[in-house]
Amino acid sequence: MTDIAHTDHRNPGLTAPAYRPADAPRRRLLSGGNIVTLLVLALLISIPIYSKGFFVFQMTQMLVYAIAVLGLNLLTGINGQFSLGHSAFYAIGAYTCAILVELGGVNYMLTIPIAGIVAFGFGFLFAFPALRLEGLYLALATFALAVATPQLLKLHAIEQWTGGVQGIVMFQDTFDVPVPFGLDMDPGVWTFYLTLFVFAVVYVLAMALVKSRTGRAMMAIRDNPIAARSMGISLPYYKATAFGVSALVTGIAGALNAIVIKFVAPDSFTFFFAILILVGMVIGGVGWLQGCLIGGLAMLYLPNIAEIFDNVVLWFAGLFGFADLLPSGNALQQQFIRLSGVIYGVILVLFIYVAPSGAGGLIRAIVSRVKRLTS
Amino acid sequence: MSALLKVENLTASYGELQVLRDMSFEVEQGGVTTLLGANGAGKTTTLRAICGMVRRSGRIVLDGQDISRRATEDIVRLGVAHVPDGRGTFTTLTTEENLHLGAMARPNNKAEIEADIQKCFEFFPRLKERRNQQAGTLSGGEQQMLAIARALMLRPKLMLLDEPSFGLAPLITRQIFDILADLTKETGTSMLVVEQNASLALELADHAYLIETGSIVMSGSSAAVREDESVRASYLGY
């Protein structure tokens with residue numbers, strides 16, 4: 001034990017030797033949470049070993065979505081600010097990547113951090129006018145951002161860089177993502193591992209941020225902004241930083257999306273995509289960063305699941321003679337009669353009913369119940 | 001004793017509504033001063049004006065330094081800890097995280113901050129038992145203790161306490177005031193306490209000011225104010 005002698009001119013009464021209390025909780029290397037993290041990581045790493053092609057592509061996409069959900073969660077879950085405009089930061093990341101690769105000849109891997117920095121700049125700057133807005137008003141301002149971005153990307157004046165309505169096709173000469181270091185690897189598998197690596201780095205850094213002093217200040221603002229000011233926390237500084245960091249993470253997801261799809265176009269980044277990220281975050285658990293993978297899965301599969309249910313419903317309808325419910329007409333007309341949108345909504349409502357605080361709340365409730373039963 | 005805080009002609013308003021008019025008062029070094037007054041008299045606004053959380057004019061001098069144009073963060077950094085009305089608990093964070101936040105305006109010296117948290121736990125053993133509990137699930141009295149402990153984490157020169165008795169049972173209120181009395185004795189922290197419970201506040205304080213509709217109408221030593229007929233009739237009720 002070392003005594004750090006320090007005198008405090010203001011308040012000698014509170015000085016004390018520096019010591020680590022004996023009863024302070026020790027950090028265990030193999031806690032339950034860490035084991036689950038390692039298991040999930042192992043599961044993700046092994047995906048290309050037991051599967052191929054389309055599934056690997058889907059999992060890559062899921063990881064990209066998970067990063068975007070993580071980004072939004074840093075803003076909404078950790079700092080308590082709403083955004084219906086994260087599709088804009090995603091678009092900024094994607095276009096930064098595509099323009100740098102296709103027009104600048106920059107290595108695509110290098111564009112990932114650059115896209116993050118550019119998105120950080122946009123997010124930080126957007127935060128300043130948005131600082132005066134709270135709750136619903138901030139939601140409206142970010143909504144405007146989401147609506148404006150695809151239109152701005154189509155502007156004729158910048159068409160030589162953005163490709164206008166057509167967008168930008170990437171890796172035209174190689175047709176595929178170039179695999180570096182002379183690795184003998186399928187480009188799809190390589191993209192998966194690249195995305196997984198970026199996801200892991202972003203995840204670890206995000207968790208460290210939340211545990212840091214800065215993260216604590218952001219959560220304090222979320223819990224009680226007035227008391228946070230009383231603690232000497234600068235609201236504009238931390239709110240703008242949270243916006244910037246959130247945009248940075250989402251921008252990185254956007255850049256990866258461009259690399260994975262090998263194509264960017266304005267209409268991939270509409271307001272509807274911002275809502276999808278929001279749905280992913282709510283399903284994963286607002287404020288629970290670990291839920292981002294579940295959120296990514298939900299963004300990817302929920303529309304598919306709804307469609308499968310839709311088919312089942314229609315099949316039963318046919319079986320029991322409710323012929324009126326069956327789709328009629330040609331394929332195009334059938335598409336409009338189908339109910340997958342309705343089922344998507346029903347699934348969401350049921351999920352929120354069962355797990356009002358998302359998968360995070362559900363998992364924590366189950367864990368605490370199991371603990372109570374076993375003790 | 002010299003004045004740690006000197007407030008001269010303080011005026012404050014919320015938009016069009018002027019709440020404080022030409023208030024002047026002092027808080028002595030190492031002493032406890034109380035501002036008494038009914039609901040809406042301007043007690044909370046006075047504390048917020050000192051911290052720079054509302055628009056204000058006039059002179060506010062802390063330890064020889066004019067802070068009347070400083071931002072809240074700077075004022076906190078100069079050693080003014082505010083225990084806001086309604087306690088201002090960070091509800092979803094743990095007790096310990098709340099205490100860490102109290103030291104946000106201090107240099108990030110982990111060993112010192114950890115040592116001060118232990119000091120707080122010695123002063124408030126209840127908080128130690130609850131260190132890993134979500135602060136929003138603490139009882140009202142525990143949350144008030146947490147708010148005071150969190151303010152101590154700044155190692156403040158001056159503590160501004162906004163209605164420490166807010167929403168607490170009489171027995172708990174008494175306990176909180178005993179703790180505050182011990183604190184000034186042990187740490188020598190100066191305090192400005194805003195209170196509706198006049199008899200408790202006068203017991204704790206050396207000096208008292210009476211506010212009515214945003215102006216000071218009476219001041220003096222606590223003993224003198226307690227003896228005053230009109231104060232007795234309207235604030236002490238005997």
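Reader: How many salt bridges does the rule find across the interface of chain B and chain A?

Author: The general idea is that side chains of opposite charge can pair when their charged atoms come close. In this predicted model, the rule (a side-chain nitrogen of Lys or Arg within 4 Å of a carboxyl oxygen of Asp or Glu) finds 0 salt bridges across the interface of chain B and chain A. Over all chains, the count comes to 17. One of them joins Asp176(A) and Lys262(A), with the closest N and O atoms 2.9 Å apart. Asp176(A) sits in the loop between strand 1 (168-169) and helix 7 (187-211) of chain A, and Lys262(A) in the loop between helix 10 (235-261) and strand 2 (263-264) of chain A, so the pair ties together parts that are 86 residues apart in sequence. Helices (H or I, at least four residues) and strands (E, at least two) are DSSP runs, numbered from the N terminus.

Reader: And what area is buried between chain B and chain A?

Author: The size of an interface is often given as the accessible area lost when the parts come together. Here that's about 3,400 Å² (1.4 Å probe, summed over both parts), with carbon and sulfur atoms giving 57%. In chain B, Phe90(B), Met104(B) and Arg155(B) lose the most area to chain A, together 20% of what that side buries. Counting contact as heavy atoms within 4.5 Å, chain B puts in 44 residues and chain A 33.

Reader: Which element gives the largest share of the side of chain B that touches chain A?

Author: That's helix 4 (110-123) of chain B, with 9 residues.

Reader: Now, how many cavities does a search of the whole structure find?

Author: Rolling a probe the size of a water molecule over the atoms shows where empty space is left. The search finds 2 cavities of 30 Å³ or more. A cavity is a set of points, on a 1 Å grid over the protein atoms alone, where a 1.4 Å probe fits but cannot get out; lining residues have an atom within 4 Å of a point. The largest has a volume of about 40 Å³, a volume being the space filled by probe spheres set on the points, which are joined across faces, edges and corners. Residues of both chains line the largest cavity, among them Ser230(A), Met231(A), His82(B) and Arg150(B).

Reader: Anything on numbering and cut-offs?

Author: Residues are numbered from 1 along each chain as its sequence is written, and chains are lettered from A and ligands numbered from 1 in the order in which they are written. Local features need pLDDT of at least 70 and side-chain atom pairs count only at pLDDT 80 or more, while totals for chains, interfaces and linings use all residues; side-chain values use heavy atoms, leaving out hydrogens and water.

Notes
On a 1 Å grid over the protein atoms alone, a cavity is a set of points where a 1.4 Å probe fits but cannot get out, and a pocket is an open set with protein on both sides within 12 Å along at least five of seven lines; lining residues have an atom within 4 Å of a point. Buried area is the accessible area (1.4 Å probe) that two parts lose on being put together, summed over both.
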